Amino acid sequence: MSKLRQHLLWLLLLLLSALLGACSTAPIALPLAEDMPTFLFYYTDNWPPWAQMQPIVNGLEEQYSNQIRFMSLNANVDGAASYEALILRGHPAYVIFSADGEELFRALGAQERDFLQQALDDALP
């Protein structure tokens with residue numbers, strides 16, 4: 001076997017083992033409510049749209065507090081694992097799950113209050 005083929009084979013085996021190792025990790029448990037829909041809000045402190053969206057999300061949380069569980073998670077700290085597991089690629093990020101764990105909605109970046117409110121209304125049984 002030529003040296004090039006041997007190196008390519010080793011590289012292929014290395015990549016395959018890395019992929020299999022990544023697939024065999026335990027799944028990340030998402031912080032979902034079991035009795036109502038859940039709204040996950042991912043932010044980072046140092047990103048200007050977060051400051052713009054925080055009061056909107058807080059107002060929606062107050063409005064829907066008896067119907068939807070709200071979770072605000074720092075995408076770099078307490079929410080990092082679930083942020084990566086959901087393959088979110090921007091922030092702020094919003095994800096709504098039904099009570100049975102089905103993803104119903106996701107969006108990234110600054111959003112209009114009415115847009116988020118309609119998504120929350122759609123998530124209600």
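**Figure 1. Overview of the protein chain, with 4 helices and 4 strands**. Welcome to a tour of a predicted model. Read from start to end of the sequence, the protein chain runs through the pattern α-β-α-β-α-β-β-α. The chain has 125 residues, and 34% of them are buried. About 8,000 Å² of the protein chain is exposed, and 59% of that area comes from carbon and sulfur atoms. If you look at contacts between residues at least 6 apart in sequence, 61% of them join residues at least 24 apart.

**Figure 2. Strand 1 and strand 2 run parallel**. Here we zoom in on residues 38-43, which make up strand 1, and residues 69-74, which make up strand 2. The two strands are joined by 6 bridges. One residue to pick out is Phe41, whose bridge partner in strand 2 is Ser72. Add helix 2, residues 48-64, to the two strands and you have a β-α-β unit. The handedness of this unit is right-handed.

**Figure 3. Strand 3 and strand 4 form an antiparallel hairpin**. Strand 3 covers residues 93-97, and 5 bridges tie strand 3 to strand 4. Phe97 has its bridge partner in strand 4, namely Glu103. Between the two strands of the hairpin there are 5 residues. For those who like to check backbone torsions, Gly101 in this hairpin takes a positive phi near 90°.

**Figure 4. Phe41 and Tyr94 form a stacked aromatic pair**. A search of the whole structure gives 6 aromatic pairs. In the pair shown here, the ring centres of Phe41 and Tyr94 are 5.6 Å apart, with 20° between the planes. The pair links distant parts of the chain, since Phe41 belongs to strand 1 and Tyr94 to strand 3, 53 residues apart. Both Phe41 and Tyr94 are buried. Widen the view and you will find one aromatic cluster made up of Phe39, Phe41, Tyr43, Phe70 and Tyr94.

**Figure 5. Gln111 sits in the loop between strand 4 and helix 4**. The flanking elements are strand 4 at 103-108 and helix 4 at 113-123. Is Gln111 buried or exposed? Gln111 counts as buried because its relative accessibility is 19%, and the cut-off for buried is under 20%. A polar atom of the Gln111 side chain lies 2.6 Å from the backbone oxygen of Leu108. Setting aside neighbours within four places in sequence, Gln111 is in contact with Met53, Ile56, Tyr94 and Leu116. Tyr94 may be familiar from the previous view, as a member of the stacked pair with Phe41.

**Figure 6. Leu86 lies in the loop between helix 3 and strand 3**. Helix 3, at 80-85, comes before this loop. With a relative accessibility of 10%, Leu86 counts as buried. Which residues is Leu86 in contact with, leaving aside its neighbours within four places in sequence? They are Leu30, Leu40, Tyr42, Val95, Phe97, Glu103 and Arg106. Among them, Phe97 and Glu103 are bridge partners of one another. Leu30 is 56 residues from Leu86 along the chain, and the C-alpha atoms of the two are separated by 9.1 Å.

How values were computed: Residues numbered from 1 in each chain as written. Predicted model: local features only at pLDDT ≥ 70, side-chain atom pairs only at ≥ 80, totals over all residues. Heavy atoms only, no water. Pairing = 2+ DSSP bridges. Right-handed = clockwise from strand over helix to strand, strands pointing away. Buried < 20%, exposed > 50% of the residue type's maximum accessible area, 1.4 Å probe, protein only. Contact = heavy atoms within 4.5 Å. Areas by Shrake-Rupley, 256 points an atom, 1.4 Å probe, with all protein chains shown as cover. Polar contact = N/O pair within 3.5 Å; in protein donor to acceptor, adjacent residues only side chain to side chain. Phe/Tyr/Trp six-rings, centres within 6.5 Å; stacked < 30°, edge-to-face > 60°.
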